[in-house]
Structure formats: C-alpha cells, structure tokens
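Trainee: I would like to take a close look at a single part of this model, and I would be glad of one connected account of it.

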Amino acid sequence: MPRRKAFDPDHALDRAMELFWQRGYDGASMSDLLEHMGISRQSLYDTFGDKPQLFQQALDRYARRNVSAMLYELEQPDAGADALRAFFRRLPDILLSFPERRACLMVNTMVDRGPTADTTDVVAAHRMRLIRAFRAALFQASRQGLRLPMPPATLAAALVAQAMGITVASRAGAPEAELREMARAALVLAGVPD
C-alpha cells in the first residue's frame with residue numbers, strides 16, 4: 001500500500017503558482033520553490049515531476065481558477081455589451097489589487113518565455129479562450145443592436161491585444177489613471193458605450 005503524502009499537493013501547487021506568478025519561471029529557483037511549497041526535492045519530483053512540469057501544472061491551475069473567475073461573465077451564453085463593459089472596468093481593479101503589480105501569469109509567461117515548447121500550447125489556448133469570449137460577446141451585442149466598427153472576429157482579436165497591453169502596462173508600473181484610460185479606449189474601440 002502506498003504511503004500517504006505528508007503534505008497537501010493542492011496547497012503545494014497553489015504555493016508554486018504564487019511564486020511563479022510573482023517571479024516568473026526563471027526567477028523562481030528550485031530551492032525557492034521547495035522552500036515556498038514546504039516540500040522536499042524528492043516530494044516535488046514524485047508528485048509534480050520536474051520544474052517544467054510543475055510550471056505547466058501551475059499554468060493549468062491558474063487558467064482553471066483565476067482566468068475562469070475573470071472571464072465568468074464574458075463566457076455566459078447571453079454575454080453582450082454589458083459583460084464587455086464590466087470586464088474592461090474591472091481589469092484595472094484586478095491588476096491594481098496586487099501591490100507588487102504581478103499582472104497576469106499567462107501574459108507574463110507569454111512575454112517572459114515567448115514560444116517555448118513547454119508553454120506554447122497553454123498560452124495559445126489562453127489567447128484563444130479570450131478571443132472566443134470576446135467574439136461571442138460582440139456577436140451577441142451586435143444582435144442586441146450595437147453597431148460594431150468591424151467584424152466580431154477582428155474586433156475580438158484587437159480587444160485581446162488591448163487587454164494584454166493593459167496587463168503589460170500594469171506590470172511595468174503604469175499609473176492607475178493610465179490603465180483606466182486604456183480600458184476606456186478598449187470600449188471605444190469596440191463601440192461599447194461607457
């Protein structure tokens with residue numbers, strides 16, 4: 001019979017996700033991860049695999065937990081202009097809620113790691129999830145009478161770029177007023193009344 005783990009794997013993974021989110025993949029050394037997670041090197045290998053595998057699991061957890069919460073309204077079947085407005089009004093609040101300006105783990109990974117083999121699929125899936133959510137909300141808004149300045153698919157990709165730009169600007173220390181203006185600009189781009 002296998003021995004029970006002396007630690008909670010979910011808690012340890014949450015701790016790893018937090019450290020990767022704060023420091024990035026390269027900034028989180030193996031010793032930092034072990035200390036932050038409160039586990040031994042062998043426990044990490046036995047439970048999560050190596051560092052790239054742990055990072056992949058942390059990204060998956062972030063997508064399931066944090067991204068799902070952020071996109072909840074936008075991913076509802078009846079999401080339209082109100083959901084788009086709520087998303088862009090809330091985005092600066094979320095980004096500013098962390099004193100260290102950690103931004104978004106997915107966007108940070110795109111910027112820091114680029115198209116590396118171990119993260120390409122998960123960050124591409126994240127971007128496509130955002131595009132699908134924006135596109136569906138734009139299509140619904142147009143059915144409800146909103147006049148879109150361009151086709152929903154094109155506009156959705158532009159809004160994703162704007163949301164990611166706001167995120168990167170936050171990480172770079174842009175002032176709150178600038179982040180809020182950028183979010184308003186996204187709504188103007190979409191033709192959504194603020």
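What is the volume of the largest cavity?

Mentor: Bearing in mind that this is a predicted model, the largest cavity has a volume of about 30 Å³, and the structure holds one cavity of 30 Å³ or more. Its lining is made up of Gly 24, Tyr 25, Phe 55, Leu 105, Asn 108, Thr 109, Asp 112 and Arg 113. Helix 6, which spans residues 105-113, and helix 1, which spans residues 9-27, each supply at least two residues of that lining, and the largest share, five residues, comes from helix 6. In chemical character the lining of the largest cavity divides into three nonpolar, three polar and two charged residues.

Phe 55 of this lining leads on to helix 4, which covers residues 51-70 and packs with helix 7, residues 120-143, at an angle of about 15 degrees, the axes lying 11 Å apart. Helix 4 is therefore roughly parallel to helix 7, given that angles under 35 degrees count as roughly parallel, and helix 4 passes helix 7 in a right-handed crossing. On the side of helix 4 the contact is made by Gln 56, Leu 59, Asp 60, Ala 63, Val 67 and Ser 68, while helix 7 brings Val 122, His 126 and Arg 129. The residues of this contact between helix 4 and helix 7 divide into four nonpolar, three polar and two charged.

Terms used:
Residues numbered from 1 in each chain as written. Predicted model: local features only at pLDDT ≥ 70, side-chain atom pairs only at ≥ 80, totals over all residues. Heavy atoms only, no water. Axes fitted to C-alpha atoms, helices over the stretch in contact; angles between N-to-C directions. Helix = DSSP H or I, 4+ residues; strand = E, 2+ residues; numbered from the N terminus. Parallel < 35°, antiparallel > 145°, perpendicular 65-115°, else oblique. Left-handed = near helix turned anticlockwise from the far one by under 90°. Contact = heavy atoms within 4.5 Å. Nonpolar A, V, L, I, M, F, W, Y, C, P; charged D, E, K, R; others polar. 1 Å grid on protein atoms, 1.4 Å probe; cavity = no way out; pocket = protein on both sides within 12 Å on 5 of 7 lines; lining within 4 Å. Points joined across faces, edges and corners; volume = space filled by probe spheres on them.
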